[in-house]
Amino acid sequence: MLKCRIAWRKLAPLARASSTVCRQNVRRAGLTHGRLPAQAPVAHMSTGPTGGGRENQLYILLVGAACVGSGVYLYRTLRGDQTRYQERVDEIAARHQKVATEEIAAPTESEPPAVETTEAEVVPETEPQAEPAAEPSPEPIAELSPEEPSAPAPDAEAAAAPSDTTEPSPVAESTPATPKVPSHTPYLLIGGGTASFAAARSIRARDPGAKVLIVTDEPDLPYMRPPLSKELWFSDDPSVTETLRFKQWNGKERSIYFQPASFYISPEELESAENGGVAVLTGKKVVHMDVRGNKVKLDDDTEISYNKCLIATGGVPRNLQVIERAGEEVMKKTTLFRKIEDFKSLDKVSRNIQSITIIGGGFLGSELACALGRKSHESGLEVIQMYPEKGNMGKVLPEYLSNWTTEKVKQEGVKIISEALVKSVNLKDDKLEILLKDGRLVKTDHLVAAVGLEPNVDLAKSAGLEVDSDFGGFRVNAELQARSNIWVAGDAACFYDIRLGRRRVEHHDHAVVSGRLAGENMTGANKPYWHQSMFWSDLGPDVGYEAIGIVDSSLPTVGVFAKATAKDTPKAATEKSGTGIRSESETEDTATSPVASSTPAPAMGAHKDDYGKGVIFYLRDKVVVGIILWNVFNRMPIARKIIKDGEEHADLNEVAKLFNIHED
């Protein structure tokens with residue numbers, strides 16, 4: 001451009017002079033041919049043989065030469081820039097190749113550099129890596145057709161079926177060496193609970209070569225939580241807190257871990273694994289999500305990019321504000337029960353104190369009260385359970401059944417304090433003093449707060465995800481999708497149930513079902529949530545129940561009961577099915593053609609106050625929306641079909657016959 005400006009400065013005076021000569025010739029022509037002044041300039045400018053013809057030619061020649069020169073200069077400039085750019089690219093490529101060659105050759109020089117190289121590999125690279133193109137994903141939708149999809153594949157049905165194989169020591173499983181964090185994974189699962197494990201198995205079932213990375217802030221591999229408040233407490237093994245193995249009601253022994261460590265591959269092997277696999281990154285927490293960039297940041301500032309992501313962060317135990325305000329010393333004597341470490345801690349504490357108080361009358365509180373109460377027969381431990389309701393499970397069971405359950409819990413050695421509202425908690429003489437609002441005072445050595453679960457939605461702000469204001473949790477559609485490439489499952493998902501509306505469920509079987517469905521949809525299945533998950537609770541080996549749908553004591557209920565037999569217990573049910581986690585024994589085929597019992601129902605009142613076994617129907621607008629099977633087992637597919645049909649029933653006694661509760 002500089003040369004072009006210099007050339008123009010030299011040519012400009014000549015161009016101006018030529019223009020002046022042309023104007024003078026025009027004026028001369030007008031004076032000479034005065035009779036036609038208007039036509040003269042046109043004629044002589046174009047064709048006249050005299051009056052400046054040579055100057056016009058010179059002007060045209062100069063302008064043409066300037067244009068040709070500018071074009072030549074522009075072409076040479078662009079060609080030179082292209083050549084220099086290519087030389088620069090070749091130089092950079094050669095430099096990287098030289099560095100790589102030196103790094104490969106360096107370990108052969110001496111032993112110490114090899115150690116340094118190994119240590120450096122643990123540190124994640126900060127240079128951005130090329131990311132594979134994300135697979136296309138449908139945008140979230142508010143509602144889907146209620147048409148039932150085809151039955152899941154057998155591999156998907158067993159997505160979360162735990163293994164009964166002999167596992168290595170849990171200590172080795174829960175304390176792995178610090179692994180190298182992969183910079184990219186096609187499938188990223190945040191959270192190491194049941195939902196994540198079910199999703200991983202489901203993804204691998206549909207995409208056998210899939211590479212799945214599970215990131216969990218716990219030090220343990222994925223495990224099931226129900227035994228922490230059930231079977232583990234009834235184990236006769238004094239080292240149960242170390243082995244984490246237990247005997248189910250059917251006498252079969254197993255571990256709480258879904259799979260042994262050999263099932264997984266190490267995180268550093270994930271990227272290079274030819275056939276894919278499932279890797280677990282323990283002790284790491286995802287603290288930030290970049291949804292547009294498809295990447296997350298860990299608590300150590302490491303970044304991981306992904307193609308598809310599942311949020312299965314579960315929840316954290318709630319606490320009472322009066323306990324939180326009581327100070328650090330009170331908190332040291334309080335357990336919020338949720339994880340393996342909580343089980344170990346509470347087991348140790350219960351062996352070294354004289355009294356323990358459980359606040360909460362729901363599933364967890366009642367299970368722990370029965371477990372500790374049964375142990376108290378040998379240890380002499382005083383077990384107290386207090387709650388604001390009138391009886392155990394008061395928010396779930398109808399009042400008459402709640403009162404009956406409360407008597408059963410008392411028989412286990414538990415002291416019940418109902419309609420108890422805690423006003424304050426203080427520490428005095430190394431004892432906790434719990435003052436109730438009605439003036440009652442309870443002294444105890446240790447507290448267990450079992451007052452519910454708060455869904456973990458810490459990532460909602462950075463990810464820009466919606467949190468449901470009514471139920472809590474990440475708001476997702478019927479396919480469990482929150483945004484493109486992001487799904488949510490388990491306790492943290494507030495999903496749209498195409499049969500019962502928007503819900504959030506905090507139970508093991510829901511974690512299995514929702515995790516499995518999310519995994520299928522992450523691989524392109526596009527299925528809505530239609531499978532009704534169930535939940536169960538055992539108050540010892542003799543009383544248990546299974547439930548499905550919306551079970552709320554505020555709804556109208558109809559209960560049909562019969563006299564229980566020796567086979568109508570959780571222990572007998574697991575002996576028959578061969579499983580300890582009852583949701584594993586479910587099959588959809590059972591519900592296709594239920595056959596009613598031919599045994600007539602007993603006359604009403606024949607078994608007054610005898611709730612040995614039965615069926616409780618929960619109604620909304622005269623339609624069954626929830627069912628509890630009380631000491632009735634392996635009939636859940638029938639209950640699921642009743643809810644799915646959504647029909648009004650004139651006589652629920654006839655519907656109860658489908659469960660064969662009157663057969664001995």
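Me: What makes the link between the side chains of Ser537 and Glu367 a polar contact?

Reply: This is a predicted model. In it, 2.7 Å separates the joined side chains of Ser537 and Glu367. A polar contact needs N or O atoms within 3.5 Å. The value of 2.7 Å lies within that cut-off, so the pair counts as a polar contact.

Me: Where is Ser537 found, and why is Ser537 called buried?

Reply: Ser537 sits in strand S24, residues 534–538. Its relative accessible area is 1%. Buried means under 20%. At 1%, Ser537 is under the cut-off and therefore counts as buried.

Me: What joins the side chains of Arg318 and Glu454?

Reply: A polar contact of 2.8 Å. The cut-off is 3.5 Å, and 2.8 Å falls within it, so the name fits.

Me: Which residues does Arg318 touch, not counting those up to four places away in sequence?

Reply: Arg318 touches Leu336, Ala449, Val451, Gly452, Leu453 and Glu454. Touching here takes heavy atoms within 4.5 Å. Arg318 itself lies in the loop between strand S9 (315–317) and helix H11 (321–324). Arg318 and Leu336 are 18 residues apart along the chain, with 7.6 Å between their C-alpha atoms.

Me: Why does Arg318 count as partly exposed?

Reply: Its relative accessibility is 32%. Partly exposed covers the range between the 20% and 50% cut-offs. The value of 32% falls in that range, so Arg318 is partly exposed.

Me: How do you know that Asp491 and Arg338 meet in a salt bridge?

Reply: Side chains of opposite charge can pair when their charged atoms come close. For Asp491 and Arg338, the N to O distance is 3.2 Å. The rule asks for a nitrogen of Lys or Arg within 4 Å of a carboxyl oxygen of Asp or Glu. Arg338 and Asp491 fit at 3.2 Å, so this is a salt bridge.

Me: Why does the pair of Asp491 and Arg338 tie together parts that are apart in sequence?

Reply: Asp491 is in the loop between strands S21 (486–488) and S22 (493–497). Arg338 is in the loop between strand S10 (334–336) and helix H13 (340–350). These parts are 153 residues apart in sequence, so the pair ties them together. Both Asp491 and Arg338 are buried.

Me: What makes the meeting of Arg374 and Glu412 a salt bridge?

Reply: The N to O distance is 3.0 Å. That is within 4 Å, so the rule is met. Arg374 is in helix H14 (residues 363–379), and Glu412 is in the loop between helix H15 (399–411) and strand S13 (414–417). The two residues are 38 apart, and the pair links distant parts of the chain.

Me: How do you know whether Arg374 and Glu412 are buried or partly exposed?

Reply: Arg374 has a relative accessible area of 28%. That is between 20% and 50%, so Arg374 is partly exposed. Glu412 has 12%. That is under 20%, so Glu412 is buried.

Me: How far apart are the closest N and O atoms of Arg440 and Asp438?

Reply: They are 2.7 Å apart. That is within 4 Å, so Arg440 and Asp438 form a salt bridge. Arg440 is partly exposed at 34%. By this rule the count comes to 23 salt bridges. Asp347, Arg351 and Lys375 are linked in a network of them.

Me: How do you know that strands S6 and S7 pair?

Reply: Four bridges join S6 (residues 286–290) to S7, and the two run antiparallel. Pairing needs at least two bridges. Four meets that, so S6 and S7 pair. Asp290 stands opposite Lys295 in S7. The two strands form a hairpin with four residues between them, and Asn294 in the turn has a positive phi of about 55°.

Me: What makes S7 and S8 a pair?

Reply: Three antiparallel bridges connect S7 with S8 (residues 303–311). At least two are needed, so the pairing stands. Lys297 has Glu303 in S8 as its bridge partner. S7 has a covered face, Val296 and Leu298, and an uncovered one, Lys295 and Lys297.

Me: Why are S19 and S23 called edge strands?

Reply: The open sheet has three strands in the order S19-S22-S23. S19 (474–475) and S23 (501–503) each pair on one side only.

Terms used: Residues are numbered from 1 along each chain as its sequence is written. This is a predicted model: local features need pLDDT of at least 70, side-chain atom pairs count only at pLDDT 80 or more; totals for chains, interfaces and linings use all residues. Side-chain values use heavy atoms; hydrogens and water are left out. A salt bridge is a side-chain nitrogen of Lys or Arg within 4 Å of a carboxyl oxygen of Asp or Glu. Buried means under 20% relative accessible area, exposed over 50%, partly exposed in between (1.4 Å probe, protein chains only). A polar contact is a pair of N or O atoms within 3.5 Å; within protein, one must be able to donate a hydrogen and the other to accept it, and residues adjacent in sequence count only if both atoms are side-chain atoms.
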